[in-house]
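Work through the following exercises with the sequence and the model at hand. Each task is followed by a worked solution.

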Amino acid sequence: AKNGPKKRPYVVFLEIFGRKMWKVTLAGLMWAVTNLLIFTRGLADAGLTFITRNYSREKHAFLKEDFFETIKKNWRTALPVGIINTLVTGVLFYNIYFSVGGLFFSTEPVTLTGWDYAIIAVTAMVYVTFTWMKYYLPFLMITFKLNLKQLYKNAFLFASANMPMNVLISVIL
């Protein structure tokens, strides 16, 4: 009913997902095929985000047409975002893996100084924050016309302001 009581958000999510499960699965497959080259991740994210955003708003979306049209409209932003995200994530993961990995995989005893622990902690915090920023980047990219600096600044603000939800999403993922 139009004036009936509002359903809980998770109930609405499950209803929409139940109705659109096959289309969401096909969109995920299109994302995977588009994402075969590692630097096309931003393009694939833009297309998938548009489809899932429309479904969550209970608006219609033509699966293949809207997916690729969104990529065409946003490729100038999506391509650099995909490249930047891949490179930054790779560098941060490399730093964490070899900083902490040196403790576990070394054949000789390793003693870390306070500076070593500080660098590991800062790198881990930057990695987590950047991961949270990546939750918001595709939505900002397809919804607003922002340059790269504005895009990353707003993603950082959203990631910082919505920390409890980001932790929950990270645990679920």
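**Exercise 1.** Locate Glu58 relative to the helices and decide whether Glu58 is buried, partly exposed or exposed.

Solution. The model is predicted. Step one: Glu58 sits in the loop between α2 and α3. Step two: the relative accessible area of Glu58 is 52%. The cut-off for exposed is over 50%, so Glu58 is exposed. Step three: the backbone of Glu58 has a phi near 60°, a positive value in a residue other than glycine.

**Exercise 2.** Place Val11 in its helix, classify its accessibility and give its C-alpha separation from Glu58.

Solution. Step one: Val11 belongs to helix α1, residues 9-34. Step two: with a relative accessible area of 29%, Val11 is partly exposed. Step three: Val11 and Glu58 are 47 residues apart along the chain, and their C-alpha atoms are separated by 14 Å.

**Exercise 3.** Compare the span of α1 with that of a straight helix, and find where α1 bends.

Solution. Step one: at 1.5 Å a residue, a straight helix of 26 residues would span 38 Å. Step two: between its end C-alpha atoms, α1 spans only 31 Å. Step three: a bend of about 70° is found in α1 at Lys20. Step four, on burial: Ile16, Ala27, Met30 and Thr34 are the buried residues of α1.

**Exercise 4.** Describe how α2 and α4 pack, and list the residues that make the contact.

Solution. Two packed helices are described by the angle between their axes and the distance between the axes. Step one: for α2 (residues 41-56) and α4 (residues 114-143), the angle is about 75° and the axes are 9 Å apart. Step two: angles of 65 to 115 degrees count as roughly perpendicular, and α2 and α4 are therefore roughly perpendicular to each other. Step three: α2 contributes Gly42, Asp45, Ala46, Thr49, Phe50 and Arg53 to the contact, while α4 contributes Pro138, Phe139, Met141, Ile142 and Thr143. Step four: sorted by class, the contact has six nonpolar, three polar and two charged residues.

**Exercise 5.** Take Thr143 from the α4 side of that contact; state its accessibility and its C-alpha separation from Phe50.

Solution. Step one: Thr143 lies in helix α4. Step two: its relative accessible area is 34%, and Thr143 is partly exposed. Step three: the C-alpha atoms of Thr143 and Phe50 are separated by 8.6 Å, with their positions 93 residues apart along the chain.

**Exercise 6.** Which residues do Thr70 and Thr77 touch, leaving aside those within four places in sequence? Classify the accessibility of both threonines.

Solution. Step one: Thr70 is part of helix α3, residues 63-105, and Thr77 is also found in α3. Step two: Thr70 is buried, at a relative accessible area of 5%. Thr77, at 21% relative accessibility, counts as partly exposed, the cut-off for buried being under 20%. Step three: Thr70 is in contact with Ala46, Gly47, Phe50 and Ile142. Of these, Ala46, Phe50 and Ile142 also take part in the contact of α2 with α4. Step four: Thr77 touches Met141, Leu146, Leu148 and Leu151. Step five: Thr77 and Leu26, 51 residues apart in sequence, are 24 Å apart in space, C-alpha to C-alpha.

How values were computed
Residues numbered from 1 in each chain as written. Predicted model: local features only at pLDDT ≥ 70, side-chain atom pairs only at ≥ 80, totals over all residues. Heavy atoms only, no water. Axes fitted to C-alpha atoms, helices over the stretch in contact; angles between N-to-C directions. Helix = DSSP H or I, 4+ residues; strand = E, 2+ residues; numbered from the N terminus. Parallel < 35°, antiparallel > 145°, perpendicular 65-115°, else oblique. Contact = heavy atoms within 4.5 Å. Nonpolar A, V, L, I, M, F, W, Y, C, P; charged D, E, K, R; others polar. Buried < 20%, exposed > 50% of the residue type's maximum accessible area, 1.4 Å probe, protein only. Expected span 1.5 Å × (residues − 1). Bend = angle between axes of the 7 residues up to and from the residue.
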